[in-house]
Amino acid sequence: MKRAKPIVIANWKGYVETPEEAKRFVQVIKRSTKTLSACQVMLAPSFTLLPTLVPLLKNSAVQVGSQAVSAHPGGAHTGEVTGAMLRAVGAVFSIVGHSERRALGGAGESEEGIQNQIARACEAGLGVVLCVGEHEREASGAHFGIIAGQLASALAAVPLKNMGKLMVAYEPVWAIGKTAADAMQPGDVQEVFIFIRKILVEKIGRAAALKVPILYGGSVEEENVQGLYHEGGVSGFLVGHASSKSDSFIKLIKALQ
């Protein structure tokens with residue numbers, strides 16, 4: 001059976017800071033439409049760049065979303081960006097539970113906080129890119145229990161009607177920042193992805209689980225995407241630093257062709 005196009009989500013984090021940088025990036029990738037058509041491309045800029053990017057990509061196949069979403073509805077929550085706010089500026093998805101957000105700690109990034117973020121995103125009609133992953137790889141296999149716990153907790157907050165807009169991104173925190181050679185290899189990734197799919201089947205049923213894309217997000221580079229996609233069985237990638245420069249991002253996508 002023919003596989004769906006690989007999904008590539010560019011998580012710009014704080015690398016792209018100004019509207020001018022964002023516009024230059026879009027100008028370059030618009031000239032590479034044929035290359036980009038090999039993948040389903042999604043951009044996750046900072047909140048402040050959403051009003052710049054959404055109009056620029058309105059008539060393209062590139063989707064735009066956010067790097068985070070508030071666990072709160074509107075009201076007396078200073079500094080929070082709600083799901084309704086994101087939808088109002090044209091975002092169509094939000095990343096939830098990213099390892100860098102989880103590391104901040106506090107109630108907002110606890111498992112309960114992540115459940116609330118998912119619930120608020122779903123209420124606003126946003127797709128959810130749920131990040132899960134262990135900090136350390138243990139020979140005992142304890143990391144599988146961590147992943148299972150994160151998945152079970154988060155899935156409890158996703159209404160059945162929203163399962164079709166869910167993606168899971170596996171982020172082994174220990175692999176982030178390493179070279180392609182030192183990060184996870186395709187066989188190791190495939191083992192974890194089979195495990196994640198098994199948990200999804202247990203929690204939401206086989207039919208729904210098989211439709212959930214599972215992405216990889218631990219040191220994604222031009223050098224390792226082809227092997228991870230073809231041998232690791234991933235549905236696509238959540239890309240950090242390599243997605244913040246148009247040239248490296250396009251090279252990464254070309255490697256998937």
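This report describes the aromatic pairs, nonpolar cores, enclosed spaces and some individual loop residues of a predicted model.

## Aromatic pairs

There are five aromatic pairs in the structure. In one of these, phenylalanine 25 and phenylalanine 249 meet in a tilted arrangement, with 5.8 Å from centre to centre and 40° between the planes. This pair links distant parts of the chain, since phenylalanine 25 belongs to helix α1 (residues 19-30) and phenylalanine 249 to helix α11 (residues 246-256), 224 residues apart. Both phenylalanine 25 and phenylalanine 249 are buried, and together with Trp12 they make up one aromatic cluster.

Tyrosine 170 and tyrosine 216 form another tilted pair, in which the centres are 6.3 Å apart and the planes are at 50° to each other. Tyrosine 170 lies in strand β6 (residues 166-170) and tyrosine 216 in strand β7 (residues 214-216), so their pairing ties together parts of the chain that are 46 residues apart in sequence. Buried means under 20% relative accessible area; tyrosine 170, with a value of 0%, is therefore buried, and tyrosine 216, also at 0%, counts as buried too.

## Nonpolar cores

In soluble globular proteins, nonpolar side chains tend to be buried together. Here the largest nonpolar core has 74 residues, and the members that touch the most others are Ile118, Ile196, Tyr216 and Phe237. Helix α8 (residues 186-204) gives the most to this core, contributing eight residues.

Isoleucine 196 shows what such contacts look like: when its neighbours within four places in sequence are left aside, isoleucine 196 is in contact with Val132, Ile147, Leu151, Val168, Tyr170 and Ile214. One of these contacts, Tyr170, is the residue that pairs with tyrosine 216. Apart from the largest core there is a second, separate core of 12 residues, which includes Met42, Ala44, Ile95 and Val129.

## Helix α11 and what covers it

The buried residues in α11 include Ser246, Phe249, Ile250, Leu252, Ile253, Ala255 and Leu256. An α-helix has 3.6 residues a turn, so residues three or four places apart point the same way.

Among the elements that cover the buried residues of α11 are the strands β1 (7-11), β2 (40-44) and β8 (236-239), along with the helices α1, α2 (33-36) and α10 (225-230). Helix α1 is also the element that holds phenylalanine 25, the partner of phenylalanine 249 in the tilted pair that links these two helices.

## A pocket and a cavity

The second largest pocket has a volume of about 360 Å³. It is lined by 21 residues, of which Val69, Ser70, Glu80, Arg101 and Glu109 are the closest to its centre. Helix α6 (residues 111-123) supplies the largest share of the lining of this second largest pocket, with four residues. By class, the lining of the second largest pocket consists of seven nonpolar, 10 polar and four charged residues.

The structure also holds one cavity of 30 Å³ or more, and the volume of the largest cavity is about 30 Å³. Cys122, Leu126, Gly127, Val128, Val158, Asn162, Lys165 and Leu166 line the largest cavity, and this lining divides into five nonpolar, two polar and one charged residues.

## Residues in loops

Two residues that are not glycine have a backbone angle to note. Lysine 13, in the loop between β1 and α1, has a positive phi of about 50° although it is not a glycine, and with a relative accessibility of 17% lysine 13 counts as buried. Serine 219, in the loop between β7 and α10, likewise is not a glycine and has a positive phi, of about 60°; its relative accessible area of 9% means that serine 219 is buried.

Alanine 68 is placed in the loop between β3 (63-64) and α4 (83-88), and, having a relative accessible area of 11%, alanine 68 is buried. Not counting residues up to four places away in sequence, alanine 68 touches Phe47, Leu86, Ser94, Ile95 and Arg101. Among these contacts, Ile95 is a member of the second core, and Arg101 is one of the residues closest to the centre of the second largest pocket. The C-alpha atoms of alanine 68 and valine 129 are separated by 9.7 Å, while the two residues are 61 residues apart along the chain.

Key. Residues numbered from 1 in each chain as written. Predicted model: local features only at pLDDT ≥ 70, side-chain atom pairs only at ≥ 80, totals over all residues. Heavy atoms only, no water. Phe/Tyr/Trp six-rings, centres within 6.5 Å; stacked < 30°, edge-to-face > 60°. Buried < 20%, exposed > 50% of the residue type's maximum accessible area, 1.4 Å probe, protein only. Core = buried A, V, L, I, M, F, W, Y, C linked by side-chain atoms within 4.5 Å. Contact = heavy atoms within 4.5 Å. 1 Å grid on protein atoms, 1.4 Å probe; cavity = no way out; pocket = protein on both sides within 12 Å on 5 of 7 lines; lining within 4 Å. Points joined across faces, edges and corners; volume = space filled by probe spheres on them. Nonpolar A, V, L, I, M, F, W, Y, C, P; charged D, E, K, R; others polar.
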